[in-house]
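Biologist: Could you take a close look at one part of this chain for me, and then follow the thread from there to whatever holds the rest together? Please spell out the cut-offs as you go.

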Amino acid sequence: MTNAHNPDAPEGATGILVLADGTIVWGRGFGATGSAVGEVCFNTAMTGYQEVMTDPSYAGQIVTFTFPHIGNTGTNDEDVEADSPHALGCIVREDITAPSNFRDQKPFDQWMAENGRIGISGVDTRALTRRIREAGAPNAVIAYDPEGKFDIDELLAKARGWAGLEGMDLAKEVTGHQTQLWDKGGMWRLGHGYAPLEELEASSTTRPHVVAIDYGAKRNIFRNLVKAGAKVTVVPAETSYEEIMALQPAGVFLSNGPGDPAATGEYAVPVIRQLLEQDIPLFGICLGHQMLALAAGAKTVKMHQGHRGANHPVQRIGGGWDATEGLVEITSMNHGFAVDSETLPDNIHETHKSLFDSSNCGIEIIGKRAFGVQYHPEASPGPQDSFYLFEKFVGGLS
């Protein structure tokens, strides 16, 4: 049988993905009804779908999960990286099943619906991932209608009319809008949750003060800074140099975030350059790493397919690692733009590279107390391969 509203659709199709090149992918919708337009990417992680959906770096994107069973552990209030989801939707192979985990509080499909996010199941995610690898991340519309009613021409026009992520500043949309002390806890323990700030108060006067610029930060970054010994104040993306210095920081952290670093850099890079001129210690992750490189004179580029997953090998390079030179860290990544290694000026020392494609994954600025990494050490792959970066940053503050 065929769908009466769309004769070419298979029976039971209530979800659709329409790519800008005219490709149509049918599936079974779940979560919220409606449609959303964005860039389709893929993530290779086997766990952490709730963290992925709430990571602000996924703003403007539709995530294809390569692992077939998504939703099996349900959702809970602790495994989120922001106040609300930022990924537009997700594409999965198998239908969402009843959750089976003692920490579950709500089924994933219900969580998606309540948070206004669209999902499609029943998709050959291997074929879609292969298409992204070969042709690049496409613009597309994801849609769900319980009755299977879709105006394909309208959805196609919407996909083709979307400008894409290149040149787009999304940090303004996902940043927090108030300056505030990070008071949402430290590291998590089973049965206890996140350690409350009160447990840190006794030593807060001796902790170095880190001002974290929020371009779309994940919460676990702040927790790791606290774990490493810092007191953290979070400020909005467009905070000025003068406002940052008024907080008397011992160091400044540059967070991850979505969109094109060159676009966000229009207002962020001048601030970072002023901080560099004053030799303020700086540590950047992902988008923050890219903008630190821009501030030092390098350039960034849009990647063909990006890096997204919890299993990316990164090697330490550059000759400054002593006995650990060449050591490989297993890292978590989420980025569609990268620092162009060919444009690194003489004042930037390359410290890490991807073993997948040799792209840049880490820099230090010579003569400054400033460094950054492309990957996400706070995601705890390895699981502790990269925590030393937080210790290096906080340990070097006074």
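Modeller: Happy to! Let's start with the nonpolar patch that F102, W188 and L190 form on the surface, together offering about 360 Å² of accessible area. Such a patch takes residues with over 30% relative accessible area and no salt bridge, joining nonpolar side chains (Val, Leu, Ile, Met, Phe, Trp, Tyr) within 5 Å and like charges within 9 Å; areas come from the Shrake-Rupley method with a 1.4 Å probe, and for residues only the protein chains shown count as cover. This is a predicted model, in which local features need pLDDT of at least 70 and side-chain atom pairs count only at pLDDT 80 or more, while totals for chains, interfaces and linings use all residues. Residues are numbered from 1 along each chain as its sequence is written, and side-chain values use heavy atoms, leaving out hydrogens and water.

F102 sits in the loop between β5 (89-91) and α2 (108-114); helices (H or I, at least four residues) and strands (E, at least two) are DSSP runs numbered from the N terminus. With a relative accessible area of 68%, F102 is exposed, where exposed means over 50%, buried under 20% and partly exposed in between, using a 1.4 Å probe and protein chains only.

Now to the inside. The largest nonpolar core has 33 residues, of which Y215, V252, I272, L275, L276, L282 and L292 touch the most other members. A core is a set of buried Ala, Val, Leu, Ile, Met, Phe, Trp, Tyr and Cys residues joined through side-chain atoms within 4.5 Å. Helix α8 gives the largest share of this core, seven residues. Beyond its neighbours within four places in sequence, L275 is in contact with Y241, I244, M245, V252, I280 and L282, contact meaning heavy atoms within 4.5 Å.

Charged pairs come next. The whole structure has 13 salt bridges, each a side-chain nitrogen of Lys or Arg within 4 Å of a carboxyl oxygen of Asp or Glu. In one of them, D21 pairs with R131, their closest N and O atoms 2.6 Å apart. This pair links distant parts of the chain, 110 residues apart, with R131 in helix α3 (residues 125-135). D21 is partly exposed at 45%, and R131 is partly exposed at 22%.

E39 and R308 also form a salt bridge, at 4.0 Å. E39 counts as buried at 3%, and R308 counts as buried at 3%. Along with K302, E39 and R308 are linked in a network of salt bridges.
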